[in-house]
Amino acid sequence: MANQDDNQFKKIISHAKEYGFVFPSSEIYDGLAAAYDYGQNGAELKNNIKEYWWKAMVQMHEEIVGIDASIFMHPATWKASGHVDAFNDPMIDNKDSKKRYRADVLIEDHIAKIEAKIDKEVTKAAKRFGDDFDKEQFVATNPRVLKYTGQIDDINARMKAALDGENLNQLKALIEELGIADPVSGSKNWTDVRQFNLMFSTELGSLADGANKIYLRPETAQGIFVNFLNVQKTGRMKIPFGIAQIGKAFRNEIIARQFIFRMREFEQMEMQFFVKPGEELKWYEYWKEKRIKWHKALGISEENYRFHDHLNLAHYANAAADIEFNFPMGFKELEGIHSRTDFDLKAHEEHSGKKLQFFDPHENKSYVPYVIETSIGLDRMFLAVLSASYVEETLADGSERTVLKLPVQLAPVKVAVLPLLKKDGLPEKAREIIDELKFDFTCQYDEKDAIGKRYRRQDAIGTPNCITVDHQTLEDNAVTIRYRDTAEQERIAIADLRNKVSDLVSVNNLLRKI
Ligand code: ATP
């Protein structure tokens with residue numbers, strides 16, 4: 001089974017490349033790990049997902065507005081959010097077990113084992129000397145205990161020197177010298193130690209000016225929190241209200257793999273909903289339901305989705321769930337819905353010294369609102385849609401095809417217009433049709449190869465409607481429209497095309513279902 005799924009995943013990845021959806025980044029230089037470029041069809045699909053999300057969240061909700069904050073933020077932001085202090089660890093991998101550990105924790109565990117030996121000596125001696133036992137004296141004089149404490153002091157001093165000096169080689173040397181083994185496998189086959197903070201940093205300004213270290217944002221949410229008051233005041237927003245944002249985020253993921261599922265540069269679509277304290281769990285349930293409806297409206301088979309409620313909550317959350325999707329590698333997180341309490345706004349109040357509160361006219365008092373967050377990775381959504389749409393099938397006429405049965409509203413090209421022949425005025429007629437439709441839909445013109453081959457090309461990129469212009473078109477101003485999923489065809493007047501296609505592919509159809 002795993003192999004079959006692996007195979008399917010490989011096919012999807014190579015299809016995405018072959019048909020201009022996703023390319024490895026800077027491929028002519030052999031690519032860059034965990035970075036990808038969206039090609040001509042990928043960019044359209046991605047934009048359509050964004051449009052669907054933005055409209056569902058912002059346009060359809062009077063009480064939600066959207067912003068576009070900068071990627072660079074004041075460094076204090078990441079102090080307040082906890083990102084500077086968390087995730088800043090020296091990590092080491094065991095090559096055999098493939099497990100990753102904090103190097104200092106491994107050493108501390110080793111020290112704990114020596115301490116246990118001391119305890120053993122003390123217990124033994126206490127038994128032997130009975131009431132006369134003087135623990136302090138024993139520990140200060142017993143040669144064996146002294147040997148152990150000496151070892152501990154030495155290890156601690158060396159670890160401290162290595163950590164303070166950020167000397168990771170010394171840290172590794174210490175692990176090797178102490179003979180520390182992987183607690184799981186017992187293997188001593190270690191990689192080098194690497195310092196790890198998930199944030200990418202860079203310098204703001206020139207070094208000569210005393211440059212400041214700043215970070216590429218690891219999540220878009222903080223851009224929303226720091227603008228809470230700006231938006232609330234200028235938009236005259238009343239609680240409950242939301243702020244939405246689509247934008248890039250960057251994480252120096254330790255293990256970045258599985259195609260666009262886990263990248264170092266990715267895009268998030270996040271919405272923070274500010275509510276009255278005490279009402280957060282009601283809104284949490286509300287957004288869980290809204291968000292799953294957004295997914296299901298796309299018509300992708302419902303068994304591909306499931307909720308995973310978090311039992312171990314992050315320190316700032318009082319409820320959290322993931323919407324998981326059945327990706328080619330199994331069920332994994334696609335979106336998170338989190339009840340973040342007032343953690344972020346309070347932290348920013350503390351670090352900035354500015355009040356981030358809402359004055360509630362009904363209660364005649366100010367408070368720091370609680371927050372419900374919905375956070376979805378655009379690239380993961382792209383992968384979900386792409387992988388659920390990839391189908392290899394045999395048609396009724398016996399021909400085989402690979403088709404992307406994308407939700408039609410998201411398809412990169414909505415209409416392909418195909419003159420049956422490259423002559424007799426058919427190309428001109430086809431161009432005329434495109435010139436009319438292109439104001440509403442992404443269109444593609446294709447006159448090369450036999451019509452069957454052209455259909456296959458459109459199937460492969462998920463085009464829902466192929467319009468064929470033939471000799472009769474010149475007489476009756478009607479065309480043949482062929483539908484992607486059924487491969488059925490019907491004759492339709494050119495004058496009716498716009499409405500027909502619009503009925504089929506309009507995002508409104510999705511929005512009405514939510
Ligand atoms: P994971 O546990 O998979 O690393 P996370 O819990 O750290 O994800 P969040 O911080 O909740 O993720 O981010 C919200 C969303 O952003 C995730 O649900 C996911 O869709 C997306 N996301 C997070 N990290 C990445 C990444 N490295 N590449 C692509 N998308 C990501």
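Where is the place of Q409 in this chain? Q409 sits in the loop between β18 (400–404) and β19 (415–419), and we will come back to its surroundings below. First, a word on what you are looking at. This is a predicted model, in which local features need pLDDT of at least 70 and side-chain atom pairs count only at pLDDT 80 or more, while totals for chains, interfaces and linings use all residues. Residues are numbered from 1 along each chain as its sequence is written, and side-chain values use heavy atoms, with hydrogens and water left out.

Let us begin with the whole chain. It holds 17 helices and 23 strands; helices (H or I, at least four residues) and strands (E, at least two) are DSSP runs, numbered from the N terminus. Along its principal axes, the C-alpha trace spans about 115 × 60 × 50 Å. The radius of gyration is 30 Å, whereas a compact globule of 514 residues would have one near 24 Å. That radius is taken over C-alpha atoms, and the globule rule is 2.2 Å times the number of residues to the power 0.38.

How much of the chain is buried? Buried residues make up 47% of the 514, where buried means under 20% relative accessible area, exposed over 50%, and partly exposed in between (1.4 Å probe, protein chains only). The accessible surface comes to about 26,000 Å², and carbon and sulfur atoms contribute 48% of it. These areas come from the Shrake-Rupley method with a 1.4 Å probe; for residues, only the protein chains shown count as cover. Of the contacts with a separation of 6 or more, 65% are between residues 24 or more positions apart, a contact being heavy atoms within 4.5 Å. As for charge, the mean positions of the 71 positive and 81 negative charges are 1 Å apart. Lys and Arg count as positive and Asp and Glu as negative, with His and the chain ends not counted; each charge is placed at NZ of Lys, CZ of Arg, CG of Asp or CD of Glu.

Now follow helix α4, residues 103–129. Its 27 residues reach 40 Å from the first C-alpha to the last, close to the 39 Å expected at 1.5 Å a residue; the expected span is 1.5 Å times one less than the number of residues. Among the buried residues of α4 are L106, I107, H110, I111, I114, I118, E121, V122 and A125. An α-helix has 3.6 residues a turn, so residues three or four places apart point the same way. Just after α4, G130 takes a positive phi of about 60°.

Some other backbone details are worth a stop. I239 and P240 are joined by a cis peptide bond, with omega about 0°, and P240 is in the loop between α9 (228–234) and β9 (241–250). N477 is not a glycine, yet it has a positive phi of about 50°; this residue lies in the loop between α15 (471–476) and β22 (478–483). N477 counts as partly exposed because its relative accessibility is 38%. A487, also not a glycine, has a positive phi of about 65° and belongs to the loop between β22 and β23 (489–493). With a relative accessible area of 22%, A487 is partly exposed.

Finally, let us visit four buried residues and see what they touch; their partners here leave out residues up to four places away in sequence. T220, in the loop between β8 (212–215) and α8 (221–225), is buried because its relative accessibility is 0%. Its contacts are Q245, G247, K248, Q268 and E270.

Q458, in helix α14 (residues 451–461), is buried at 1% relative accessibility. This glutamine touches V413, A416, Q444, T463 and C466. The C-alpha atoms of Q458 and K414 are 9.8 Å apart, with their positions 44 residues apart along the chain.

A297 follows in the loop between α10 (280–296) and β11 (305–309), buried at 5%. Y52, L510, K513 and I514 are its contacts, and the C-alpha atoms of A297 and L510 are separated by 5.7 Å although the two are 213 residues apart along the chain.

That brings us back to Q409, which is buried because its relative accessibility is 10%. Q409 touches N48, K414, L504, V505, S506, V507, N509 and L510. L510 is thus listed as a contact of A297 and of Q409.
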